[in-house]
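Dear colleague,

Here is the structure I said I would pass on. My notes on it follow below.

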Amino acid sequence: MGDSVLNIVLGVVSSVFSAGLAWALQAVLRRRKLDRRRRFFGLYPGTESRLVVPRKAGSSVSQRVIAQRDVYALMELAALVRDCGAEAEIVSHDEVQQGLGDKAEFCIGGPVANERTAAHLRWKLPGIAVTAEWEAGINELTVGDRSYVREIGKADHAVLGRIAAGEGERPTFLICGQTATANLAAVRYLTRHHRDLIRRYSPEDSFCLLLRVIQPDAYGADVVELLGDVTEQASTPRPAPNPSASPAA
């Protein structure tokens, strides 16, 4: 075999080896990223997760009506669940009677439209309060001692929380927006920024983020601003009103 032929053979072998090594390294990195995502969301292959849906704002308690953008949020969460190799069970907010930790849970909607959200807030995030009276045009989200009023067409707000149930148990993700658009925006923030959240929080951490949706009438659920981590404020019970206090004369 001539030197030129040998050099060609060695070059081909070297190229194949380098390509195989690069592919193997990329496969390992993809696997590690997927494993981190699965741990963060509590979504493991073959396991079940729970997607809790609210009723549409303004509908009666007995009606089974879901807002269109909440359906979109469900679709994006279902895609996330599928990518992790898990399965999704969609259940109405008033039909869940299980505790936390048995399944990874994604709970969509504020406490007025979702009884499950109301229970999570009372127990795990007592520093959050929601006042919503649709007919009166009142929609206010309070975190700690600060309130965020919905500015129709200009700004909606949402809290995105992760409740860690305990070591080895599945987390609960709480998506509590002032509107269905805010719910969808929070879900998109979660799916698009999960790598940043994984780097910032361990799988055992609970957290609560406050988000603002910018000009939803113009941009829908696509432009979202992170106002900050409000875990401490959300986890601290708000002081109860003093019934003995009388108004000033």
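Of the protein's 249 residues, 41% count as buried. Please keep in mind that this is a predicted model. The fold contains 7 helices and 10 strands. Among contacts with a sequence separation of 6 or more, 66% are between residues 24 or more positions apart. The accessible surface of the protein amounts to about 13800 Å², and carbon and sulfur atoms make up 52% of that area.

Two places are worth setting out in detail.

The first is on the surface. R32, K33, R36, R39 and R195 form a positive patch there. Helix α1, which spans residues 3-41, supplies the largest share of this patch, with 4 residues. R39 is one of the patch residues, and it lies in helix α1. Its relative accessibility is 40%, so R39 falls in the partly exposed class, which runs from 20% to 50%.

The second is L197, in helix α5 (residues 194-200). L197 has a relative accessible area of 5% and is therefore buried, the cut-off being under 20%. Leaving aside residues up to four places away in sequence, L197 is in contact with F40, L190, F207 and L209. Of these partners, F40 is separated from L197 by 157 residues in sequence, while the C-alpha atoms of the two are 8.8 Å apart.

To put the two side by side: R39 is partly exposed, whereas L197 is buried.

Regards

Note on methods:
Residues numbered from 1 in each chain as written. Predicted model: local features only at pLDDT ≥ 70, side-chain atom pairs only at ≥ 80, totals over all residues. Heavy atoms only, no water. Patch = residues over 30% accessible without salt bridge, like charges linked within 9 Å, V, L, I, M, F, W, Y side chains within 5 Å. Areas by Shrake-Rupley, 256 points an atom, 1.4 Å probe, with all protein chains shown as cover. Salt bridge = Lys/Arg side-chain N within 4 Å of Asp/Glu carboxyl O. Lys, Arg positive; Asp, Glu negative; His and termini not counted. Charge placed at Lys NZ, Arg CZ, Asp CG, Glu CD. Helix = DSSP H or I, 4+ residues; strand = E, 2+ residues; numbered from the N terminus. Buried < 20%, exposed > 50% of the residue type's maximum accessible area, 1.4 Å probe, protein only. Contact = heavy atoms within 4.5 Å.
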